[in-house]
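Student: Before the structure is discussed, I should like each label to be justified by a value and a cut-off. May we proceed in that manner?
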Amino acid sequence: MDTINRAFRDFVRFTGDGKPNAPVGAPLPIGDPLSGVHNPGKQDWREALIELAQTQGDPDALQDILTELSGKAEATALDAFKPVLSSLSMGDMFGQHVAVGQALNGASLVAGTGTAVMGIRIPAGQTGAQTYLSLVMNMETMRGQTIFFRTRFKASAGFLASVTLGPVRAQYSTGSGYTPLEVSAPAAVQRGDMLEISGTATIPGNATQAGLTLQVASANAVMSSVQEAVVSSIEYTILSDRGDEASVQSRFQFVNTGLLPYAEHPTVGSAQALNGAIRVNDERGAGIGINTPVGQTGTSSYVIRLFSAAGLQAGDRLRVTAKYDVSAEFMSRQPLGPVVFNVRTTPNGPGINRTAARRMVQDGTVLTVVSDYVVQGDEYMLGPCIQLAAGGDTSVARNFIAKSLEAMVSRFGESDTTATMQHAMARNRSDIVAAVTRPPVATDLNVGDGGLTFAAAIVASAGASPVTRVRWRVLPGEYTSEFNWTLPKHVEMGASGSVRPRIHYELPDGSALNPASYQPFFVTDTASLRGLDVSVRNGRYAVHIEANGANPDAVIEISDCRLEHLGNVIGSWASQDALGMGTSSGWHVTSKDSVYIAPVMTFAWHNNVDFAKPCVVRNERDTFVALTQSTGSGVNGTALRILPLGSGQRDQHIIEDCVIVGDISYAVTGWFPSELSKQLADHSEIKVSGKGNSPAVFRITDFGRALKIAAPDGSLAPVSVSGPAVAILMGQVRSYPGATNLASYVHGSADVSEQLVGPAANLAITSLGRRLGNRSSTPVSLSVTVGAETRTVTFNANHTAVSNADLLAQINTALGGIAVASLYAVGERYRPRFTDEELSLTNGQTYGIPMGSLLAWDTNRTHVRLMTSSDDPSIFAGVAWEDIYPSKVGRVKARGYLPISDIRRADTAAITFGSSLSVSPTSPGQAVAGGSQALLTAIRPTAVALRGTP
């Protein structure tokens, strides 16, 4: 421990340092504050890590890491190691603590922003006397050890001069209540806006938690101005070492938290909107958020995110990090109730609320909530429940929508064997290597004018790896001679300075070569592009990212780049994209602060077939400019083009805070799986979401068709199907009830279109006839029941080559008018989820609301109805983005752009730029050109903007 304390001491000089005039009363690990801050050098790191490894019987282990770092700047190594070592011993434990406190005599406990979590505030005119805040951490594995605690606060200037504090003390808990704990060498110091309290305490043998307490003295004077102190960091150092296994484990308790990760968890959502709030649903109808409109309190509304408890054991410690998209200043505008864990002990059992510790931080429009929970062993599903408390600011809208959830579990107790701990050490060694070697770059290469050619840089980068990454520093200039080269794996290619280099390639205008075969370069695996200007003319794409399904789990980053396709005047290549991409299984592709310009499509990507893991594509603060005008079909004017091909996963495309000039095209033009079981009518496997973008028209085409059987118009009788042909022709069946305006129907999941599928688009396997095949000797039947009437269709011939039209005619003849069979484009009803452009609202009427209807607020801001021509335009709520049944919640497009095909029309009149649409005088909810309401305004002949959209 002496080596580690010396290497990572706070200040340069310390008692007994062996130098002249050594300070007195300044022992390790703190040292003498007057001597200046100590920054460990590489030799310090080497000695400390070797001692750490030796505690596990592996004296060479961490030396290997430092050997790999030889030749790197000490500051780089220091920055890389700092977060790892802080978790091992004396670093910032901020986020690991639990806050316990009480506000008295006019003071309040506050939730902070940025890196602060909680503090105390004493308003002017109040004393805040006896207010206290204890910041405790789990200390079960440190019982009997002497710990130096230090807690820092961001405080008002002059806080310590204005506020009289009680003696710095500590508290500990044995699981119920808190008991004072004796502190030696207590201190409270303020430097500028940093307030620091510190002290040393020995952890009792029965303690579960312990930490320092900040308390206002009982004799504190009335404040003349607001005084506030908000915690910013918590540190501890082990000053004694018992020398046993638990002592070693104590140094790793926070590192161990991540040894059994649950990664980003698939969750089940549940939400309850109360007191004027509006529930937000995901595409499956599960509650994921709460919107509280102006004038509403939303008090007691809640959101629950549940995940499976499979694999958890009683005593496991869970750390769950949940992120939510929230409105600006949400934390200051909306109080939250205490976080509890909602537990289901059976698949369909009631929820049980159990206590959990919580820390919260809002950064911009993202709220992060970290909760700690101890597994009891009876959980089937569990997850955090966040509830709105009373006192929300009703003058502003407050939005709160679940974004992601990650969980990690710790399973290391004092009874674990040395072998188990050595295994943990080995795992942590790998984590340390990754943490150390990811930030540093092993080799810098100057590329371009005065440096290497791209071809030579590729050869020089042959040894690039996760441990020895290579950075290409592209020098200022324009590079046009090299083309179709591939950026090596683990290479970071970026501008060498503030001047953006240009990489360009083009074929001559008179060339007979195919432009689809030429582009500046490829990216096929983990790599990054930063600060580059890349363009192409008479070529395929400015940047082509593609591995043809290979190289799983790649991480590709694009930052501060400008990618442009300047158009083709030769050949017939239509996809003239700034970026064209095909992802592979598990890929994470992120583009930030970049610009994409092209005449046709600016950013186009597809997935591939049979992924083991979902891929994620993310655009943040990007700009997409399509130079041609969209006609509502085809590829012209497409800013973003998304093409699912059959990954079999729920892939994601997340678009946030982007400028979008052009349409978002979701196009299913091919399907790669060859197996009949993977031929689905709904091909929308890439889920699109986001917020904060400029409005864009979303267009979708999906060749998939399901067999649909519906009751006649006006009939509310339920429809059901049975018989052996159901599984053959329909797959899984979904049923929908009848309501006024919405006929009851069923449809299948199987694709029965006549589209050719497979990698070469040459397999004819999906049509009704192909699915039935030759039934001459093995007939099958399909029975359809509508209300009390049943009709049966028998298939007893060779149907293989029979067209869909003929088979539908056969089915409808047999049905005799009790129902109608048709082909249903179920996939084309998919819509993206942009949380700031839509609402989840309740149909407050007894009739059904068809998708595409114009809606009005119905007595309040949570319910809607079909809008009429006599309604004031001010109560226009938006357009139904799905069928909404009576008393049910449905999606409503409240702002943004829509293709005119998404709107129910009572006329067929053409629209032109700037013309408006209102509700038909004779058909509520349906639009007609003209009128006085002007609810929709044409942005082109095929698309409109909703009222209120800029």
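Tutor: The model is predicted. One definition is needed at the outset: a residue is buried if its relative accessible area is under 20%, exposed if over 50%, and partly exposed in between.

Student: Why is Tyr505 called buried?

Tutor: Tyr505 has a relative accessibility of 11%. The cut-off for buried is under 20%, so Tyr505 with its 11% counts as buried.

Student: Tyr505 has a ring partner in Phe483. What makes this pair stacked?

Tutor: A pair of aromatic rings is described by the distance of the centres and the angle of the planes. Across the chain, 20 aromatic pairs are counted. For Phe483 and Tyr505 the centres are 4.4 Å apart and the planes are at 25°. Pairing requires centres within 6.5 Å, and stacking requires planes under 30 degrees apart, so Phe483 and Tyr505 form a stacked pair.

Student: Why is the pair of Phe483 and Tyr505 said to tie together parts of the chain?

Tutor: Phe483 belongs to the loop between strand 26 (478–479) and strand 27 (485–487), whereas Tyr505 is in strand 29 (residues 502–506). The two parts are 22 residues apart in sequence, so the pair ties them together.

Student: Which label does Phe483 receive: buried, partly exposed or exposed?

Tutor: The relative accessible area of Phe483 is 35%. This value is neither under 20% nor over 50%, so Phe483 is partly exposed.

Student: How do you know that the rings of Tyr505 and Tyr518 are stacked?

Tutor: Their centres are 6.4 Å apart, with the planes at 20°. The limits are 6.5 Å for the centres and 30 degrees for the planes, so Tyr505 and Tyr518 meet the conditions for a stacked pair. This pair links distant parts of the chain, with Tyr505 in strand 29 and Tyr518 in the loop between strand 29 and strand 30 (521–523), 13 residues apart. Tyr518 has a relative accessibility of 16%, so Tyr518 counts as buried.

Student: Which residues are linked into a cluster by ring pairs?

Tutor: The cluster contains Phe454, Trp472, Tyr479, Trp485 and Phe521.

Student: What makes strand 26 an edge strand?

Tutor: Seven strands form an open sheet with parallel pairing, in the order 26-29-32-35-38-41-44. Strand 26 and strand 44 (659–661) each pair on one side only, and they are the edge strands.

Student: How do you know that strand 26 and strand 29 pair?

Tutor: Two bridges join strand 26 to strand 29, and these strands run parallel. Pairing needs at least two bridges, so the two bridges between strand 26 and strand 29 suffice. Glu478 stands opposite Arg502 in strand 29.

Student: Over the faces of which rings does Lys708 lie?

Tutor: Lys708 lies over the face of Tyr745, at 4.3 Å from the ring centre. Lys708 also lies over the face of Tyr824, at 4.4 Å from that ring's centre. The distance limit is 6 Å, and the values 4.3 Å and 4.4 Å satisfy it.

Student: What makes the approach of Ser684 and Asp682 a polar contact?

Tutor: The side chains of Ser684 and Asp682 are joined at 2.6 Å. The distance limit for N or O atoms is 3.5 Å, so the 2.6 Å between Ser684 and Asp682 meets that limit. Ser684 lies in the loop between strand 45 (663–668) and strand 46 (686–691), and Asp682 is found in that loop as well.

Student: Why do Ser684 and Asp682 carry the labels buried and partly exposed?

Tutor: Ser684 has a relative accessibility of 5%, under 20%, so Ser684 counts as buried. Asp682 has 33%, between the two cut-offs, so Asp682 counts as partly exposed.

Student: What do Ser684 and Asp682 touch, leaving aside residues up to four places away in sequence?

Tutor: Ser684 touches Tyr666, Asp702 and Tyr830. Asp682 touches Asp702, Val826 and Gly827. Asp682 and Gly827 are 145 residues apart in sequence, yet their C-alpha atoms are 3.9 Å apart.

Student: How much of the protein chain counts as buried?

Tutor: Of its 950 residues, 54% count as buried.

Terms used
Residues numbered from 1 in each chain as written. Predicted model: local features only at pLDDT ≥ 70, side-chain atom pairs only at ≥ 80, totals over all residues. Heavy atoms only, no water. Phe/Tyr/Trp six-rings, centres within 6.5 Å; stacked < 30°, edge-to-face > 60°. Helix = DSSP H or I, 4+ residues; strand = E, 2+ residues; numbered from the N terminus. Buried < 20%, exposed > 50% of the residue type's maximum accessible area, 1.4 Å probe, protein only. Lys NZ or Arg CZ within 6 Å of the ring centre and 35° of its normal. Polar contact = N/O pair within 3.5 Å; in protein donor to acceptor, adjacent residues only side chain to side chain. Contact = heavy atoms within 4.5 Å.
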